[in-house]
Amino acid sequence: MDASQISELLSYLDSQPEPRIVMDKNYIIIAANAAYHSEYGNSVPLVGRHCYEVSHHFDRPCDEVGESCPLKLSASTGRSQRVLHLHQTPRGEEHVDVELTPIHNSSGEIVYFVEMIQTIRDASTHPSSRGLVGRSAVFNNMLGLIERVAPSEASVLLLGESGTGKELVAQAVHNASKRANEPFVAVDCSGLTETLFESELFGYEKGAFTGATQRKHGLVESASGGTLFLDEVGDIPLSLQVKLLRLLETGTYRRVGGVDPLRADFRLVSATHRDLKQMVKQESFRKDLYYRISTFPIHLPSLSQRREDIPLLSATLLARISPERKLNLHSDALAQLEACDFPGNIRELRNILERASLMANSDIIMPEHLALDYKEPKQSENVMSQAIIPLEQAEQHYLQWAVSQHKGDRRALAKTLGISERTLYRKLQI
C-alpha cells in the first residue's frame with residue numbers, strides 16, 4: 001500500500017465507532033483510531049509499540065505465553081480471525097472481543113492487519129457485584145460462545161451440572177442481544193405441574209376455570225420483545241412438550257379459556273443439567289423439540305474444571321453475601337477451597353462461604369469456619385506413585401499437589417515454578 005492508500009485507510013478507521021488499530025506483520029502498531037485512543041489509549045503513545053506489549057504487557061507475542069494470537073492465525077490462513085482475550089486497559093484487566101482482518105496489497109500479499117476491539121461488559125476479571133466473573137481458559141471459551149450467539153436470534157441451550165450459573169449466563173446472553181432493553185423472564189420448568197404449565201406460560205381468560213376471577217397474562221406474554229429463559233427444560237413432562245413445541249413452531253398461543261390466537265415475540269434460552277440426547281434416545285424427550293431448542297448449545301464448565309477461578313469467585317461471593325463487611329479468606333482457607341471438588345459447583349461454594357461469614361467473628365475467614373470435609377493431600381498420591389507413569393501425567397499430579405500446597409496466588413506459584421502465569425493456566429487445563 002502506498003502513502004495515499006494508508007492515509008485513506010486511517011481516515012476510514014477514524015470514522016468507525018469501534019476501537020481499531022492497524023498493525024504490520026511484526027506486531028507493531030502503525031495507527032489507532034480516535035475510538036481506540038478514547039477507550040484504551042490512556043494518553044500513552046501507541047504508534048511504534050508492539051500490540052502484545054500494549055494489550056497484554058507481554059514482552060513477546062501472545063502465542064508464546066499460552067494465548068491464541070489472532071495475528072499469527074490470520075497470517076497463516078489469510079482470513080479474518082476472532083478471539084476472546086484478556087487485555088490490560090486503563091481500567092485494569094478486562095475481557096475483550098478481538099476481531100482481526102488482514103489487508104492485502106495489489107499482489108495479494110498481506111501487508112497490514114486491522115484489529116477491532118470491544119470490551120465485554122457482562123463479565124469481569126475482578127470481584128464484581130453483578131454478572132459473570134472468571135479468567136480461566138474454560139470460562140473464556142464459554143464467554144466467547146456467548147459473545148458470538150448473543151447478537152443473533154438463535155435459540156440457545158445451556159448445558160452443564162447444577163449450580164454452574166446457568167441463569168447468569170442466560171442473562172448475559174440477553175444483555176448482549178438486541179433485546180437487552182426488553183424483559184428477561186425466567187421460568188423454572190421443574191416447578192411447573194401439569195395443571196399449572198399452560199396457565200403460567202400462556203395465561204388465562206376470566207372465567208376459564210374456578211378461581212379465574214380476572215384475566216391473567218402468562219410468562220410468554222410478559223417476555224414479549226425480550227428473552228424467555230426456560231430453566232431445567234429437561235424436566236418438562238413428555239405430555240406437555242408438544243404444547244411448547246407448538247408455541248415454538250407456530251409462534252402463536254392461546255390463553256387458557258381463550259379463542260383468539262396471540263402472537264409470541266421472544267428469544268428462547270433454555271437450560272438443563274440432564275443429558276437431553278440420551279433422553280431423546282429413551283423417548284422421554286421429543287426429538288423435534290430438542291432440535292428446536294438446541295440451535296446453539298453452550299457447555300458451562302464445572303467448578304472443578306475452573307479451579308483457578310476459585311479465589312476470584314470466592315472474593316466475589318463474599319462481597320455479594322455481606323456487602324457491608326470486608327470479608328477476606330485466610331490463605332490456608334483459600335488453599336482448602338482450591339483443593340475441593342465441589343460437586344454442587346458455584347452454588348455449593350456460595351453456601352459454604354455464607355455459613356463461614358456467619359461463623360467468623362472478624363473479617364478474616366479461617367479454615368475452621370468453612371466446615372469442609374478436607375483431608376490434607378498425601379504427596380505420594382499427588383506427586384509420585386510406585387508405578388512408572390507417563391511424564392505428562394506425573395507433571396499433572398505434581399501441579400495439582402503444588403496448587404494445594406502453595407499459600408499464595410497463582411501468579412506467585414508460577415514464579416516459584418519458573419514458568420509464566422499463562423503457561424501454568426494452560427498446563428492445568430490439559
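In this predicted model, Gln16 is found in the loop that links helix 1 (3–14) with strand 1. Gln16 counts as buried because its relative accessibility is 17%, and the limit for that class is under 20%. The side chain of Gln16 makes a polar contact of 3.2 Å with the side chain of Ser15. Beyond residues up to four places away in sequence, Gln16 touches Asn33 and Ala35.

The loop that holds Gln16 leads to strand 1, which spans residues 20–23 and is covered on both faces. Arg20 and Val22 are buried on one side of strand 1, while Ile21 and Met23 are buried on the other. In a regular strand, side chains alternate between the two faces of the sheet.

Strand 1 has pairing partners in strand 2 and in strand 5. With strand 2 (residues 29–32), strand 1 pairs in the antiparallel sense over three bridges. These two strands form a hairpin with five residues between them, and Tyr27, in the turn, has a positive phi of about 70 degrees. With strand 5 (residues 110–119), strand 1 is joined by four bridges, and the two run antiparallel. Ile21 takes part in both pairings: this residue stands opposite Ala32 in strand 2 and opposite Glu115 in strand 5.

A further part of the chain holds an open sheet of five strands in the order 9-12-15-8-16, with parallel pairing. Strand 9 and strand 16 (296–299) are the edge strands, each of which pairs on one side only. On average, neighbouring strands of this sheet are turned by 20 degrees against each other, direction ignored. Within the sheet, strand 8 (residues 156–159) and strand 15 (residues 267–272) run parallel and are joined by four bridges. In this pairing, Leu157 stands opposite Ser270 of strand 15. In general, strands of a sheet pair through backbone hydrogen bonds, in either a parallel or an antiparallel sense.

The discussion now turns to the nonpolar interior. The largest nonpolar core contains 30 residues, and Val220, Leu244, Phe266 and Ile293 have the most contacts inside it. Two or more residues of this core come from each of strand 9 (184–188), helix 7 (194–202), strand 12 (227–231), helix 9 (238–250), helix 10 (276–281) and helix 11 (287–293). Helix 9 supplies the largest share, five residues. Strand 9 and strand 12 thus appear both among the contributors to the core and in the order of the five-stranded sheet. Leu244 touches Phe197, Leu230, Val233, Ile236 and Leu289, residues up to four places away in sequence not being counted. Apart from the largest core lies another, of 23 residues, which includes Leu312, Leu329, Phe342 and Ala356. In soluble globular proteins, nonpolar side chains tend to be buried together.

These local features belong to a protein chain of 430 residues, of which 48% count as buried. The secondary structure of the chain comes to 18 helices and 18 strands. Its C-alpha atoms fill a box of roughly 75 × 65 × 50 Å along the principal axes. Among the contacts with a separation of 6 or more, 64% are between residues 24 or more positions apart. The chain exposes about 21,700 Å², and carbon and sulfur atoms supply 49% of that area.

Methods: Residues numbered from 1 in each chain as written. Predicted model: local features only at pLDDT ≥ 70, side-chain atom pairs only at ≥ 80, totals over all residues. Heavy atoms only, no water. Core = buried A, V, L, I, M, F, W, Y, C linked by side-chain atoms within 4.5 Å. Buried < 20%, exposed > 50% of the residue type's maximum accessible area, 1.4 Å probe, protein only. Contact = heavy atoms within 4.5 Å. Pairing = 2+ DSSP bridges. Axes fitted to C-alpha atoms, helices over the stretch in contact; angles between N-to-C directions. Areas by Shrake-Rupley, 256 points an atom, 1.4 Å probe, with all protein chains shown as cover. Polar contact = N/O pair within 3.5 Å; in protein donor to acceptor, adjacent residues only side chain to side chain.
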